[in-house]
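Grab a coffee and open the viewer. Here are a few exercises, each with a worked solution.

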Amino acid sequence: LKPFPAPNPRDIIGLAWLHGLHARSCILRSKLWQAEHMISAVRDYTLVLACLRLGLPALHGRGMDELPKSVTGPLLATLIGRLESDQLWRSFGGVLQSLIGEINHADPELGELVSAEIAELAHWPPRQNP
């Protein structure tokens, strides 16, 4: 069998952003289990991007245990211990910071375009447009 091709980083970035949008709306609607699920998905996509960047297997978490602590340490701090709104917001913010870093590694031009919008997802309370 041929090896499964590595995912396209832009596709992973798009999925991470989409799950980030859903995470935010779930927290705002007090759908805490669903919010945890979505935040975890964003974290997983961030780890996939790191695996791609470092030449590790990116699918099904196969390379995640080989990632350096400089990647996993900040994400370890985002694991959700309690299903409470404040905890979810903190975790979400940390996950998004790591995601932005990986986007900037994967595609600096895209990172420049989307970093501010992604960071804004975790801002609480939501900012009003002028």
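**Exercise 1.** Which residues touch the most other members of the largest nonpolar core?

Keep in mind that this is a predicted model.
- Start with the core itself, a set of 35 residues.
- Now pick out the best-connected ones: Ile27, Ile39, Leu67, Phe92, Leu96 and Leu99 touch the most other members.
- Then see which elements give two or more residues to this core: α1 (9–28), α2 (32–53), α3 (69–76), α4 and α5.
- Of these, α2 gives the most, with eleven residues.

**Exercise 2.** Take Leu99 and work out what it touches, skipping residues up to four places away in sequence.

- With those skipped, the list for Leu99 reads Ala16, Val42, Thr46, Leu49 and Ile118.

**Exercise 3.** Find how helices α4 and α5 are oriented to each other.

- Fit the axes of α4 (residues 85–106) and α5 (residues 108–121): they come within 8 Å and cross at roughly 175°.
- An angle over 145 degrees counts as roughly antiparallel, so α4 is roughly antiparallel to α5.
- On the α4 side, the contact includes Trp89, Phe92, Leu96 and Leu99; among their counterparts in α5 are Val114, Ile118 and Leu121.
- Sort the contact by class and you get 13 nonpolar, four polar and one charged residues.

**Exercise 4.** Zoom out and describe the overall build of the protein.

- Count the secondary structure: five helices and zero strands.
- Check the size: a compact globule with 130 residues would have a radius of gyration near 14 Å, and the protein's 15 Å agrees.
- Along the principal axes, the C-alpha trace spans about 50 × 35 × 30 Å.
- Finish with burial: buried residues make up 40% of the 130.

Notes:
Residues numbered from 1 in each chain as written. Predicted model: local features only at pLDDT ≥ 70, side-chain atom pairs only at ≥ 80, totals over all residues. Heavy atoms only, no water. Axes fitted to C-alpha atoms, helices over the stretch in contact; angles between N-to-C directions. Helix = DSSP H or I, 4+ residues; strand = E, 2+ residues; numbered from the N terminus. Parallel < 35°, antiparallel > 145°, perpendicular 65-115°, else oblique. Contact = heavy atoms within 4.5 Å. Nonpolar A, V, L, I, M, F, W, Y, C, P; charged D, E, K, R; others polar. Core = buried A, V, L, I, M, F, W, Y, C linked by side-chain atoms within 4.5 Å. Buried < 20%, exposed > 50% of the residue type's maximum accessible area, 1.4 Å probe, protein only. Rg over C-alpha atoms; globule rule 2.2 N^0.38 Å.
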